[in-house]
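Visitor: Could you pick one part of this structure and take me through it slowly? I am new to this, so please explain each term as you go.

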Amino acid sequence: MKQFLREIITEAGRRAVDYHQRLSELEVTDKSDTELVTEADKAIEDYLVGRIKERYPNHGIYGEETGEHPGGEYRWLIDPIDGTTSFVHGLRHFCVSIAVEKAGELILGMVNAPELGEMFEAEKGKGAFLNGKAIRVSGRSSLRESVLGTSLGCYGFEPGEDNLDYILGVKQQVRNIRFFGSAALHCCYVASGWLEGYWQSRINHYDVAAGMLMVSEAGGRYSDLRGETGPFSDEIMVTNGRIHEELAGIFRGVKVKLSK
Ligand code: IPD
Ligand code: CA
Ligand code: CA
């Protein structure tokens, strides 16, 4: 299964690069006020779904563009292009992200950023790798020396919907904040020790499933913004583990303020 996943995600990345090289011809539509979708997203997901169904006809699939395809105990979570806004604007921070769950547990995850030359892989119990080399989360243990990633994650303009409260809540306490425009890559950068943490609300499971496994296999932690683990909600916070409680404590304070 790992070799098969490697093969299809490599081909998906190659197709994404082909589309990226002829951006001016690309059909782009608005999915919502803040989200774009292109023919590349759709074609790459169709390719991936087709290959998986042919190889594993009994597996379920949950893909961003085609939704739920019911199946047995295995389920593939697909984001054909994570970072579509960057992709459409000619930036290179985009990736294909694919995870596999068995009976609800993440067992395999790969994230391919083809124009950055970064292929991340994680397998339950076997570690996380960047281009074949083992990766670990960073050793920094205080927020003060941490660089975090996030996104404006803007689904609306009401308080709490645009992430600004969380950014303001934490910005004085950290070294800095970065926005790479891809949830999956943010997680991989935590797994690689380049960022100490990443958070976002209003996120989908296919955005971060592979990234979550990457972080835990690299020695880090994931949870919701309160620091609670459990079934996936629509929030994600991944860290190197060392700053997890401190960051969750700050976010719990923001949540209390927002709920008043
Ligand atoms: C988006 C990116 C972005 C995140 C959004 C996602 P897409 O995914 O991961 O960083 O902030 O919430 O929807 O639309 O590019 O696949
Ligand atoms: Ca996404
Ligand atoms: Ca996407």
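Guide: Here is a walk that begins at a metal site and then follows its neighbours outwards. Please keep in mind that this is a predicted model, where local features need pLDDT of at least 70 and side-chain atom pairs count only at pLDDT 80 or more, while totals for chains, interfaces and linings use all residues. Residues are numbered from 1 along each chain as its sequence is written, chains are lettered from A and ligands numbered from 1 in the order in which they are written, and side-chain values use heavy atoms, with hydrogens and water left out.

Let us start with the calcium ion (ligand 3). Its protein donors are Glu 64 (OE), Asp 79 (OD) and Ile 81 (O), at 2.2 to 2.3 Å. Donors are N, O and S atoms within 2.8 Å of the metal, or 3.2 Å for Na, K and Ca; water is not among the atoms, so sites may look incomplete. Along the sequence, these donor residues follow the spacing E-x14-D-x1-I. Glu 64 sits in the loop between strand S3 (60-63) and strand S4 (67-69), whereas Asp 79 belongs to strand S5 (residues 74-82), so this pair, 15 residues apart, links distant parts of the chain. Helices (H or I, at least four residues) and strands (E, at least two) are DSSP runs, numbered from the N terminus.

Now look at the calcium ion (ligand 2). The two calcium ions lie 3.7 Å apart, with Asp 79 bridging them. The calcium ion (ligand 2) has Asp 79 (OD), Asp 82 (OD) and Asp 207 (OD) as its protein donors, 2.0 to 2.2 Å away. Here the donor spacing is D-x2-D-x124-D. Asp 79 and Asp 82 are both buried, and Glu 64 is buried as well. Buried means under 20% relative accessible area, exposed over 50%, and partly exposed in between (1.4 Å probe, protein chains only).

Asp 207 leads us on, as one of the buried residues of H6. Of the 13 residues in H6, twelve are buried. Helix H6 covers residues 205-217, and at 1.5 Å a residue it should span 18 Å; its end C-alpha atoms are 18 Å apart, so the two agree. The expected span is 1.5 Å times one less than the number of residues. Just after H6, Gly 219 has a positive phi of about 100 degrees.

Further along H6, Met 214 is also buried, and among its contacts is Glu 121. Contact means heavy atoms within 4.5 Å. Glu 121 lies in strand S8 (residues 118-123) and counts as buried because its relative accessibility is 13%. The side chains of Glu 121 and Arg 6 are joined by a polar contact of 2.8 Å. A polar contact is a pair of N or O atoms within 3.5 Å; within protein, one must be able to donate a hydrogen and the other to accept it, and residues adjacent in sequence count only if both atoms are side-chain atoms.

Finally, return to strand S5, where Trp 76 pairs with Phe 4 of helix H1 (residues 2-20), 72 residues apart in sequence. Their aromatic pair is edge-to-face, 6.0 Å centre to centre, with 85 degrees between the planes. Rings of Phe, Tyr and Trp (its six-membered ring) pair if their centres lie within 6.5 Å; planes under 30 degrees apart are stacked, over 60 edge-to-face, and the rest tilted. Phe 4 counts as buried at 3% relative accessibility, and so does Trp 76 at 0%.

How values were computed: Lists of a residue's contacts leave out its neighbours within four places in sequence.
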